Amino acid sequence: MTALLLTITASAQRSDIGPFDQGKLYIGGSLTGLNLSYNGLNDLSIGVAAQAGYTVADNLMLLGQASFQHYGSDTMADEFKVGVGGRYYIIQNGLYLGANCNLVHAEHSYNDIRPGVEVGYAFFLSRTVTVEPAIYYDQSFKKHSDYSTIGLKVGIGVYLFKD
């Protein structure tokens, strides 16, 4: 049994087979909210996000991101976000930890800086296309109790190889 586990682990560590190896490009998009996020001022939210990334080292990806969030209440204005982030793929099967920092602009209302963390999983549908559910938390510097958000997002990712 130990020999089998060592063989599988060694196979997963080969640099020529993993989608998270250095030099891979990533393009992704996601839906956030859908009544699956919560903050102190809002009941309903829906958002879309786009990401582009590059693996700078095996299992380590840097990301640029932009998003739009629409709230279904009068207490919060729609938000536009731009930011940078990173992912560390814990193991070659797709489990990752992420961290990011976004500049948030709410139309005619406020500006905020929100660092965040997430944990997710890249489920491969094919060699390059993934479905990526994640749980995230964004911390607000503007007002923690009203603007900090915890939620669930589901994304689609494309990992581009240089074959």
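The side chains of Glu 118 and Lys 153 meet in a salt bridge, with nitrogen and oxygen 2.8 Å apart, where a salt bridge is a side-chain nitrogen of Lys or Arg within 4 Å of a carboxyl oxygen of Asp or Glu. Glu 118 lies in strand β6 and Lys 153 in strand β9 (residues 149-160), so the pair ties together parts that are 35 residues apart in sequence. When I speak of helices and strands, I mean DSSP runs, H or I of at least four residues for helices and E of at least two for strands, numbered from the N terminus. Both Glu 118 and Lys 153 are buried, and buried means under 20% relative accessible area, while exposed means over 50% and partly exposed lies in between, with a 1.4 Å probe and protein chains only.

Before going on, I should say that this is a predicted model, in which local features need pLDDT of at least 70 and side-chain atom pairs count only at pLDDT 80 or more, while totals for chains, interfaces and linings use all residues. Residues are numbered from 1 along each chain as its sequence is written, and side-chain values use heavy atoms, with hydrogens and water left out.

How many salt bridges does a search of the whole structure find? The search finds five, and one of them joins Glu 79 to Arg 114, with the closest N and O atoms 2.8 Å apart. This pair links distant parts of the chain, since Glu 79 sits in strand β4 and Arg 114 in strand β6 (residues 110-121), 35 residues apart. Glu 79 and Arg 114 are both buried.

Another salt bridge brings together the side chains of Lys 81 and Asp 138, at 3.7 Å from N to O. Lys 81 belongs to strand β4 and Asp 138 to strand β8 (residues 129-138), so this pair ties together parts that are 57 residues apart in sequence. Lys 81 is buried, with a relative accessible area of 12%, and Asp 138, at 8% relative accessibility, counts as buried too.

Lys 81 also leads us to the strands, since Ser 67 stands opposite Lys 81 in β4. Strand β3 and strand β4 (residues 79-89) run antiparallel and are joined by 10 bridges, and two strands are said to pair if DSSP finds at least two bridges between them. On the other side of the account, 12 bridges join β3 (residues 60-71) to strand β2 (residues 45-57), again antiparallel, and here Ser 45 stands opposite Tyr 71 in β3.

What do β2 and β3 form? They form a hairpin with two residues between them, and Asn 59 in the turn has a positive phi of about 70 degrees. Asn 59 is buried, with a relative accessible area of 11%. Leaving aside neighbours within four places in sequence, Asn 59 is in contact, meaning heavy atoms within 4.5 Å, with Phe 20, Arg 87, Tyr 88, Tyr 89 and Gln 92. A loop residue of another kind is Ser 109, found between β5 (95-106) and β6, which at 48% relative accessibility counts as partly exposed.

Let me turn to the interior. The largest nonpolar core has 10 residues in all, including Phe 20, Met 61, Leu 63, Tyr 89 and Tyr 96, a nonpolar core being a set of buried Ala, Val, Leu, Ile, Met, Phe, Trp, Tyr and Cys residues joined through side-chain atoms within 4.5 Å. Not counting residues up to four places away in sequence, Tyr 96 touches several residues, among them Arg 87, Glu 118, Ala 122 and Ala 134.

There is also empty space: a cavity is a set of points, on a 1 Å grid over the protein atoms alone, where a 1.4 Å probe fits but cannot get out, and lining residues have an atom within 4 Å of a point. By this rule there are three cavities of 30 Å³ or more, and the largest holds about 300 Å³ of space. Which residues lie nearest the centre of the largest cavity? Of its 22 lining residues, these are Thr 32, Ser 67, Lys 81, Asp 138 and Lys 153. The largest share of that lining, six residues, comes from β3.

Finally, for the chain as a whole, there are two helices and nine strands, and buried residues make up 40% of the 163 residues. Among contacts with a separation of 6 or more, residues 24 or more positions apart account for 52%.

Notes: On a 1 Å grid over the protein atoms alone, a cavity is a set of points where a 1.4 Å probe fits but cannot get out, and a pocket is an open set with protein on both sides within 12 Å along at least five of seven lines; lining residues have an atom within 4 Å of a point. Grid points are joined across faces, edges and corners, and a volume is the space filled by probe spheres set on the points.
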